[in-house]
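Trainee: Please pick one part of this model and look at it closely with me. What surrounds it, and what lies beyond?

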Amino acid sequence: MSENRRIRKVITARPTTEGAGVHLNRVIGFGDPELTDPFLLLDDFRSDTPEHYRKGFPWHPHRGIETITYVLAGEVEHGDSTGNSGVISAGDVQWMTAGSGIMHQEMPAGDPQGRMYGFQLWANLPASHKMMDPRYQGITAAEIPEVTDAGGNKVKVICGEVDGVRGPVQDIVTDPAYLDVTIPPGGTFTRLTPAGHTVFAYVIDGRGAFCQQQDPYSYELEGANYFDMARDPLIGNRHLVLFEDGEQVAARAEGEGMRFLLISGKPIREPVAWYGPIVMNTRQELQTAFEELQAGTFIKSKG
């Protein structure tokens, strides 16, 4: 029998504002990047208020990372310095490798009910790939397979493999998995995870327990909050569960069920020099990137 990963930390998403005034909830990105290596940032931009998102993210640069955008409702219009443009609609994913540098914009628009729901994850690139040519993997909802297991759990496989079914996103250097998991009421779910990989679950609907762990555990949020899993082991919407190393993740849904993003990747374990949308390995590389932005020499590949 495989050993469950234990919970290392439970993190609550925190409200913040980005872009031209987009209100969102940041899940990771405030603390030590080593904690979630190779992942740097996770933003939850679910909103029912158009005034909170319609100004979007006008033209801005990226270098040294990958940005992964997953839309549940509404749409995001995008364009970039290589001439790519398009719209990401409900259920679609855009996996953008910024590599050596790209300028792009992302402008959200709600659905007829005014809903704009989605997530953006940043994944770091190792030094050997930071200056690779930029690329996109644009995936439509119809291209993302959904696996239903014997327990009635539904798993959308964006990246990685479930029961022999591989997701459409391929050839990513940090060997990630990105799954959208829905567990029915009272159901249980388990997944084997690669040893040494960073693994976390981000709950986006319902409540449940992870890894049968009920001992008291705290999470850090400005040093002022305490999450007592002995009193209430159930974890709900806008909470992230970061796991220790181990062989598998287990989850149990309560009430009306639970839905969460299950994400994993191979740590890079390299120095991180990070300022805004640019992530390099040294302060000198970071300074060079911003000097190139000012000089107009930032873009290395024309696509």
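Mentor: Leu 42 is in contact (heavy atoms within 4.5 Å) with Asn 25, Arg 26, Val 27, Ile 28, Phe 119, Gln 120, Leu 121, Phe 200, Tyr 202 and Leu 240, leaving aside residues up to four places away in sequence. The model is predicted, so local features need pLDDT of at least 70 and side-chain atom pairs pLDDT 80 or more, while totals for chains, interfaces and linings use all residues. Numbering starts from 1 along each chain as its sequence is written, and side-chain values use heavy atoms, without hydrogens or water.

Leu 42 also belongs to the largest nonpolar core (buried Ala, Val, Leu, Ile, Met, Phe, Trp, Tyr and Cys joined through side-chain atoms within 4.5 Å), which has 27 residues. Among those that touch the most other members are Leu 42, Phe 119, Leu 121, Phe 200, Tyr 202 and Leu 240, along with Tyr 178. A second core, separate from this one, has 24 residues, including Leu 179, Phe 189, Val 199 and Phe 210. In soluble globular proteins, nonpolar side chains tend to be buried together.

Gln 120, one of the contacts of Leu 42, leads on to the largest pocket (an open set of 1 Å grid points where a 1.4 Å probe fits, with protein on both sides within 12 Å along at least five of seven lines; lining residues have an atom within 4 Å of a point). Of its 26 lining residues, Gln 120 is among those nearest the centre, with Glu 18, Gly 19, Phe 57 and Trp 122. Strands (DSSP runs of E, at least two residues) β3 (22–28), β4 (39–44), β5, β10 (102–109) and β11 (117–124) each supply at least two of the lining residues. The largest share, five residues, comes from β5.

β3 and β4 are joined by a loop that holds Pro 38. The peptide bond from Asp 37 to Pro 38 is cis, with omega near 15°.

After β5 (57–62) comes the loop to β6 (65–73), and Arg 63 sits in that loop. Arg 63 counts as buried because its relative accessibility is 2% (buried is under 20%, exposed over 50%, partly exposed in between, with a 1.4 Å probe and protein chains only). A polar atom of the Arg 63 side chain lies 2.8 Å from the backbone oxygen of Phe 298.

Leu 240, back among the contacts of Leu 42, has a loop before its strand: Arg 238 lies between β19 (198–210) and β20 (239–243). Phi of Arg 238 is near 65°, a positive value in a residue other than glycine. Its relative accessibility is 24%, so Arg 238 counts as partly exposed.

Conventions
Helices (H or I, at least four residues) and strands (E, at least two) are DSSP runs, numbered from the N terminus. A polar contact is a pair of N or O atoms within 3.5 Å; within protein, one must be able to donate a hydrogen and the other to accept it, and residues adjacent in sequence count only if both atoms are side-chain atoms.
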